Amino acid sequence: MLDRYNIRKPSLGNLFLTTTHLMFFDSENKKETWILHMHIGSVEKLPLTTAGSPLQLRCKTFRSVTFVLPRERDCHEIFTALQQLSQPVHMEDLYCFNYLSSSEITPKSTGWDTFDMQSEFKRINVPNDQWSLTLLNKEYDLCDTYPRNLYVPQAASSNILLGSSQFRSKGRLPVLTYLNHNKAALCRCSQPLSGFKARCLEDEQMLNCILRTNPNSSYMYVVDTRPMINAMANRAAGKGYENENFYENIKFHFLGIENIHVMRASLSKLLETCELKSPSMNNFLSGLESSGWLKHVMSIMDTSWFIAKALDEGVSVVVHCSDGWDRTAQVCSLSSLMLDPYYRTIKGYQALIEKDWLAFGHKFSERIGHVAGDPKEISPVFTQFIDCTWQLMCQQPAAFEFNEQFLFTLHDHVSSCQYGTFIGNCEKDRIDLRLSERTFSLWNYMTNHQNEYINPLYSPESIPRVLIPNLAPQTIRFWRDMYCRFENDVHPREPLGDLLLATCDHSSSLEDHIKLLQKRITALKQQLADDSAEKRKSFVSPDTVVDNKYLYEQEAEIKEGVKSPSYEGKDLVKVTSHPLSASYENGLNNLMSADQLSEEVKSVALDWKTLRNIEECSCSTPFDHFSRKYHCWKCGDVFCTRCIDKNAALPGHLSQREVPVCRPCYREVLRSNSVESP
């Protein structure tokens, strides 16, 4: 395997091809490279060299790797196999339908009910006296790319809804996607089939009904996210944009986000810049500028802020692009993210994706290229949404509950096809494929690993409700950790996020342990106080002679279940009823719990090993910049993700929640629990 920065020192090893992965093992450097077939975007055979036949792979996760095989025949066979395995012909051949989780013990159905459209709209007080649920799309007859539950103005009749649907591209009529607390509504749709002169009275009435749902404003905006020249060109195809003369009290705005083809070309130029063999500062900056990627990211954020600002000021907005499933999804979700703090939590962000992307029909399978199809339909629409979220996180790090790793996991699993969550182009496709029955949900996996995605800096009370982005050109940053994630020597030795997360985990473990110790101390104080009070109550007369030797011998015999004939009857009653017997019994119980207390103290690591200068796991797996290091909460050692795949409740934690532990510690905890169990 070639190193782009040091071609003279390649990694030598063995290449293995399985049904799901391409694996390269470098035994000398103890290095493993695993590439999921579904992550492969393109495979290319390069010209023969003196070293052998080069094979270059470019992945959807922005990994670029070149293997040199000694024999050209082997190279051709792997090339042919990878082309077939990375581009299945049928949806049924995707990885998710054959994936069997080895670590998840929950059934496949778990996680598919995480999001409920009606519950999400109830959270924003819909339905109400202005907005209601329509059942016209229950069988997807009104629009097959919309969800079955649609929220429309209460005043809109069935004829208005049907007429508006027929006048909009793909039947995607204006429907509610978010209602602000001030009654300003955010609605989404597709472009009208207006051509040069066509009009539709029902569509005009539909927009008027949306306007009247907001009593706080006498007008509303219709935002066309396309450049105006593109919208005008669509008129020739019988589509286009709304005629201002036919729609009253509505202000129209074109906000200039480019189409999927421009975005695809822009990302391609960006990656070419990132893969320069001899990069200089001048070459990199000029390549970044010519790609236009950051300009496009800023354009999406600018449009989203225009919408969010209008809603915050109490003005309703209707948004569309061409068909309403690419740019519309981007700006609707981002403007909601800016307005609503709930969407900045882990659960809320997942709900936002479920609503504005999955339910409202973003064509994930076509835009990502899950199956073989038209390459012109592939475009980084969702990648740009993730990038815009990261830009907001950089500007307001305390506003988001999740970290960068959360975004990486989302982005990578959109194309991995390991889970069924992002398979298909709309809600109807996912129902027809029976994904909830046949595949695992990504949300269940992320819930089980939620501790990896917590942002230690999250402090929602310190952030205003509305997140105002800084759109100055110098604040829009190149996301090195995303687009150069797999490059060596361009990342910090220890990512700050990992250090913060490890510190928070360690603090959480110690706080939980302290709570248990405080509880034990309180119980001990209470017991000592009770014993002292008992002694004061049971005062023994000076005239009474107590034979202590006799008393302790009898107590020992009782404990051992021994019944001496000479001590039966009243003597036994006399001993067991003696006031000193209760205190002695408590003393024995305290002695018995000393081992338990010692076990509780030893079960929690007070000191954790530092992450610095640890180059490999105990299993000999080397650590690099994109493989995270994990601490065992019991012993405090550092392990790789494969060696710390167990969770257990530690005796030294009051909460008894399950925490990450290494395999030896996991076995030790199991043994301890089995000994304590009766």
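No disulfides were found: the count is 0, where a disulfide is a pair of cysteine sulfur atoms within 2.5 Å. The structure is a predicted model, so local features need pLDDT of at least 70 and side-chain atom pairs count only at pLDDT 80 or more, while totals for chains, interfaces and linings use all residues. Side-chain values use heavy atoms, without hydrogens or water, and residues are numbered from 1 along each chain as its sequence is written. A disulfide is a covalent bond between the sulfur atoms of two cysteines. Cys665 is in none. The nearest cysteine sulfur to that of Cys665 belongs to Cys662, 3.4 Å away. Cys665 is buried at 7% relative accessibility; buried means under 20% relative accessible area, exposed over 50%, and partly exposed in between, with a 1.4 Å probe and protein chains only. Cys200 is also buried, at 9%.

The largest nonpolar core holds 129 residues. Such a core is a set of buried Ala, Val, Leu, Ile, Met, Phe, Trp, Tyr and Cys residues joined through side-chain atoms within 4.5 Å. Tyr349, Ile353, Leu410 and Tyr483 touch the most other members. Helix H8 (residues 293-312) gives the most to this core, with 10 residues. Helices (H or I, at least four residues) and strands (E, at least two) are DSSP runs, numbered from the N terminus. Beyond neighbours within four places in sequence, Ile353 is in contact with Leu358, Phe382, Phe385, Leu410, Phe422 and Trp443. Contact means heavy atoms within 4.5 Å. Another core, of 22 residues, lies apart from the largest. Its members include Ala502, Leu611, Val638 and Ile644.

An unreviewed UniProt entry places a "binding site" at Asn259, Ile260, Cys321, Ser322, Asp323, Gly324, Trp325, Asp326 and Arg327. These residues span 69 residues in sequence, yet no two of their C-alpha atoms are more than 12.4 Å apart, so they gather at one spot. UniProt positions follow the numbering used here, feature names are shortened, and annotations may be inferred rather than shown by experiment.

Two of the annotated residues were examined further. Cys321 lies in the loop between strand S13 (317-320) and helix H9 (327-339). Cys321 is buried, at 2% relative accessibility. With neighbours within four places in sequence set aside, Cys321 contacts Cys189, Gln191, Asp224, Thr225, Arg226, Asp326, Arg327 and Thr328. Gly324 is placed in the loop between S13 and H9. Gly324 is buried too, with a relative accessible area of 1%. Not counting residues up to four places away in sequence, Gly324 touches Arg172, Arg188, Cys189 and Ser190. Cys189 is thus listed among the contacts of Cys321 and of Gly324.
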